[in-house]
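Here are a few exercises to work through with the model open in your viewer. Each one sets a task and then solves it step by step.

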Amino acid sequence: MRSATRFLMLAASSVSTFLAPAQAQETLSAEHLEPGVHRFRIEDGGLVGDGAAFVERELDANRAILLGEYHGSQRISELTRVLIRGFHERGCRHMALEIGPTSARMLTELAGDGSGTVENLRAFHAATSIEGDTRAYTAIPFFGGGSDAEFLAEAAARNWRLIG
């Protein structure tokens, strides 16, 4: 294992969209992606399937793992929880989130030691959310629901440092 700090980073959107030069491209299809696909499923808090070995190799080989998010899906949160366990075994103690530093400090306080994280976040959002015409607006987006709060609890239980 490398001695340098290891990070798990969560971010919305695809960074490559902003880095790639504007140019015409043929239509992307599933068959274009298939050579790089590594399938796995989550069972009993771990990864199972042919892609599990790929993920393990990536955790071993990299100092940082960046996850894009798919709004409205709990699957990224489930995967993040599993990756926290695996990356922690490899020395990771930091998680960068797509939030500001004040929100990161607040999440750290609300997460505590991980035992009451889900309940603390639900109570915080219940007290601070503002109802809009079509949705509720929260002080710290995403962490009001159970799945994101659960992976945050996983990180808090391992005393990870949140970076916003």
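**Exercise 1. Follow the salt bridges around E154.**

Task: Work out which residue pairs with E154 at 2.9 Å, and which parts of the chain the pair ties together.

Solution:
- Step 1. This is a predicted model, and side-chain atom pairs are counted only at pLDDT 80 or more. On that footing, E154 forms a salt bridge with R85, with 2.9 Å between the closest N and O atoms.
- Step 2. Because E154 lies in helix α7 and R85 in helix α4, the pair ties together parts that are 69 residues apart in sequence.
- Step 3. Next, look at accessibility. E154 has a relative accessibility of 9%, so it counts as buried, the cut-off being under 20%. R85, at 24%, counts as partly exposed.
- Step 4. E154 has another partner: R158 forms a salt bridge with it, and here the closest N and O atoms are 2.6 Å apart. R158 is partly exposed, with a relative accessible area of 25%.
- Step 5. Put the pieces together: salt bridges with shared partners join R81, R85, E150, E154 and R158 into one network.

**Exercise 2. Place a salt bridge within one helix.**

Task: Find how far apart R75 and E78 are in helix α4, and say what this separation amounts to in helical turns.

Solution:
- Step 1. The side chains of R75 and E78 meet in a salt bridge, at 3.5 Å from N to O.
- Step 2. Recall the geometry: an α-helix has 3.6 residues a turn, so residues three or four places apart point the same way.
- Step 3. R75 and E78 are 3 residues apart in helix α4, which means they are separated by about one helical turn.
- Step 4. Check both ends for accessibility. R75 is partly exposed, with a relative accessible area of 49%, and E78 is also partly exposed, at 29%.
- Step 5. For context, the count for the model comes to 9 salt bridges.

**Exercise 3. Is helix α7 largely enclosed or largely open?**

Task: Describe the length of α7, its burial and what follows it.

Solution:
- Step 1. Helix α7 covers residues 146-157, which is 12 residues. From its first C-alpha to its last it reaches 16 Å, close to the 16 Å expected at 1.5 Å a residue.
- Step 2. Now list the buried positions: G146, S147, D148, A149, F151, L152, A153, E154, A155 and A156.
- Step 3. Since 10 of the 12 residues are buried, α7 is largely enclosed by the rest of the structure.
- Step 4. Move past the end of the helix. N159 lies in the loop between α7 and β8 (161-163), and its phi is near 60°, a positive value in a residue other than glycine. N159 is exposed, with a relative accessible area of 67%.
- Step 5. Try D44 in the same way. Its phi is near 50°, again positive in a residue other than glycine. D44 is found in the loop between β2 (41-43) and β3 (46-48), and it is exposed, with a relative accessible area of 85%.

**Exercise 4. Characterise a pocket.**

Task: For the second largest pocket, find the volume, the residues nearest its centre and the make-up of its lining.

Solution:
- Step 1. The volume of this second largest pocket is about 260 Å³.
- Step 2. Its lining has 15 residues, and F40, F54, V55, E58 and L67 lie nearest the centre.
- Step 3. Trace the lining back to secondary structure: α3 (50-61), β4 (64-69) and α4 (75-89) each supply at least two residues.
- Step 4. Sort the lining by class, and you get 11 nonpolar, 3 polar and 1 charged residues.

**Exercise 5. Look around the start of α5.**

Task: Locate G100 and S103, and find what lies across from them in sequence.

Solution:
- Step 1. G100 sits in the loop between β5 (94-96) and α5. At 31% relative accessibility, G100 counts as partly exposed.
- Step 2. G100 and I163 are 63 residues apart in sequence, but their C-alpha atoms are 8.1 Å apart in space.
- Step 3. S103 lies in helix α5 (residues 101-111). S103 counts as buried, at 16% relative accessibility.
- Step 4. Setting aside neighbours within four places in sequence, S103 is in contact with A139 and I140.

Note on methods. Residues are numbered from 1 along each chain as its sequence is written. This is a predicted model: local features need pLDDT of at least 70, side-chain atom pairs count only at pLDDT 80 or more; totals for chains, interfaces and linings use all residues. Side-chain values use heavy atoms; hydrogens and water are left out. Helices (H or I, at least four residues) and strands (E, at least two) are DSSP runs, numbered from the N terminus. Buried means under 20% relative accessible area, exposed over 50%, partly exposed in between (1.4 Å probe, protein chains only). Contact means heavy atoms within 4.5 Å. The expected span of a helix is 1.5 Å times one less than its number of residues. On a 1 Å grid over the protein atoms alone, a cavity is a set of points where a 1.4 Å probe fits but cannot get out, and a pocket is an open set with protein on both sides within 12 Å along at least five of seven lines; lining residues have an atom within 4 Å of a point. Grid points are joined across faces, edges and corners, and a volume is the space filled by probe spheres set on the points. Ala, Val, Leu, Ile, Met, Phe, Trp, Tyr, Cys and Pro count as nonpolar, Asp, Glu, Lys and Arg as charged, and the others, Gly among them, as polar. A salt bridge is a side-chain nitrogen of Lys or Arg within 4 Å of a carboxyl oxygen of Asp or Glu.
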